[in-house]
Amino acid sequence: MITILTGAKKNIGDYLIGDRAKSLLKEFVDDDILELDRFKDLTPHLDQINSSRALILCGGPAYDEDIYPGIYPLVNDLSRIKVPIIPFGLGWSGKPIFQPKAFTFKPEALDFIQSIHSKIEKSSCRDIVTEKILNNQGIKNVIMTGCPVWYSLPDIGKKAKNTTIKKIVVTTPAGKHLWNQSNEVLKSVKKQFPEAEIIYSFHRGIYPGSGTPLRQGLSYMLMSFLGFINGAKIVDVSYDLNKIKFYDECDLHVGYRVHAHLYFLSKRIPSILINEDGRGLGMTESLGQENLTINQENLLERLNFILSNNKQNNFKWFDQVYNKIDSHFEVMKDFLKSIK
């Protein structure tokens, strides 16, 4: 048995990380999995954890300055956890925004990272930016495996799907200040593909409440209204992975949600990501894609160029991204075998 910590609350991306991580662990490590909530004190579960082969920290932008005890409270006395603690596909939190070289851990968090890495053969991180950050902090036994969401097991090795663009998903940003930019992105996509159905997808829901602060919810409501006015279908995909099954029937993704981006690429469907912070930066750099960021002056101009250029070339450029995912799958499998 292995014990894993996951942290999905509302954002569908967090559910996706946990789901893909479990699929990989079941296939290549152990199908007997105890899943626990990473936000909670693990003291009541110590006997179960210590009877498993390892405690695995699954995915997400957990490398924050306060990874322990902030992101992972675990237990007050870490010596009570007797099994190896292994990070699996973790990434940098993205802060300070677009400044990975300025990132540092708080002393207690750095002690935690150094301690768990001193007791394991290696850990896994999800992108090359995170790998460099850890190396710079003295952590050398970390390998870049990619995010678990890179890998849809039934689609490994498959060719790109049909590139006739009939249905497009545009994902909205997390930042409430980006409502107007997001609307301009939506209009640019519609201008490039006037005949396509466009679906405006909200990964953290639309309305205030249940983890969405009032002002953020009001911003999302404004985005949904403007999207509707501009002819898009509005969908709330929070909480339930079944809500994004329709992504498989779509032909293109454009937008801000990192794990929508990775999901589409894993399904061999082209995707263009606009980076809100360093979380997306790590993905685009690792996969060799152009870094489009929310604060670049010519964002819409570059987006239009990329869309137009790919449209002319039937999105063939993305074959190299799919090939990179396939070739890196071997690195992921090697890591998983190391904890079997």
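Colleague: How does the lining of the largest pocket split by class, nonpolar, polar and charged?
Modeller: In this predicted model, the lining of the largest pocket has 14 nonpolar, 14 polar and 12 charged residues.

Colleague: And what volume are we talking about for the largest pocket?
Modeller: About 950 Å³.

Colleague: OK, which residues lie nearest its centre?
Modeller: Asn 11, Asp 14, Arg 38, Pro 61 and Arg 279 do, out of 40 residues that line the largest pocket. As for elements, strand 1 (2–6), helix 1 (12–28), helix 8 (258–266), strand 11 (271–275) and helix 9 (278–287) each give two or more residues to that lining.

Colleague: Which element has the largest share there?
Modeller: Helix 1, with four residues in the lining of the largest pocket.

Colleague: Now the second largest pocket. How much space lies in it?
Modeller: About 270 Å³. The second largest pocket has 16 lining residues, and Glu 290, Ile 306, Asn 310, Trp 317 and Phe 318 are the ones nearest its centre.

Colleague: Which elements give two or more residues to that lining?
Modeller: Strand 11 and helix 10 (299–312). Helix 10 has the largest share of the lining of the second largest pocket, at five residues.

Colleague: What about the class split for the second largest pocket?
Modeller: Seven nonpolar, seven polar and two charged residues make up its lining.

Colleague: Back to helix 1. At what angle does helix 1 pack with helix 11?
Modeller: About 65°, and the axes of helix 1 and helix 11 (residues 319–338) are 10 Å apart.

Colleague: Is that crossing left-handed or right-handed?
Modeller: The crossing of helix 1 and helix 11 is right-handed. On the helix 1 side, Leu 24, Leu 25 and Phe 28 make the contact, while helix 11 puts in Phe 329, Met 332, Lys 333 and Leu 336.

Colleague: How many of those contact residues are nonpolar, and how many charged?
Modeller: Six are nonpolar and one is charged, with no polar residues in the contact of helix 1 with helix 11.

Colleague: Switching to electrostatics, how many salt bridges does a search of the whole structure find?
Modeller: The search turns up 10 salt bridges. One of them pairs Lys 22 with Glu 35.

Colleague: How far apart are the closest N and O atoms in the Lys 22 and Glu 35 pair?
Modeller: 2.8 Å. The Lys 22 and Glu 35 pair links distant parts of the chain, since Lys 22 sits in helix 1 and Glu 35 in strand 2 (residues 33–37), 13 residues apart.

Colleague: Backbone next. Which residues does the cis peptide bond with omega of about 10° join?
Modeller: Tyr 68 and Pro 69. Pro 69 is in helix 3 (residues 67–71). The peptide bond from Lys 95 to Pro 96 is cis too, with omega near 0°.

Colleague: Where is Pro 96 found?
Modeller: Pro 96 is in the loop between strand 4 (85–88) and helix 4 (107–117).

Colleague: And phi for Ser 210, positive or negative?
Modeller: Positive, at about 50°, although Ser 210 is not a glycine. You'll find Ser 210 in the loop that runs between strand 8 (197–202) and helix 7 (214–229).

Notes. Residues numbered from 1 in each chain as written. Predicted model: local features only at pLDDT ≥ 70, side-chain atom pairs only at ≥ 80, totals over all residues. Heavy atoms only, no water. 1 Å grid on protein atoms, 1.4 Å probe; cavity = no way out; pocket = protein on both sides within 12 Å on 5 of 7 lines; lining within 4 Å. Points joined across faces, edges and corners; volume = space filled by probe spheres on them. Nonpolar A, V, L, I, M, F, W, Y, C, P; charged D, E, K, R; others polar. Axes fitted to C-alpha atoms, helices over the stretch in contact; angles between N-to-C directions. Left-handed = near helix turned anticlockwise from the far one by under 90°. Contact = heavy atoms within 4.5 Å. Salt bridge = Lys/Arg side-chain N within 4 Å of Asp/Glu carboxyl O.
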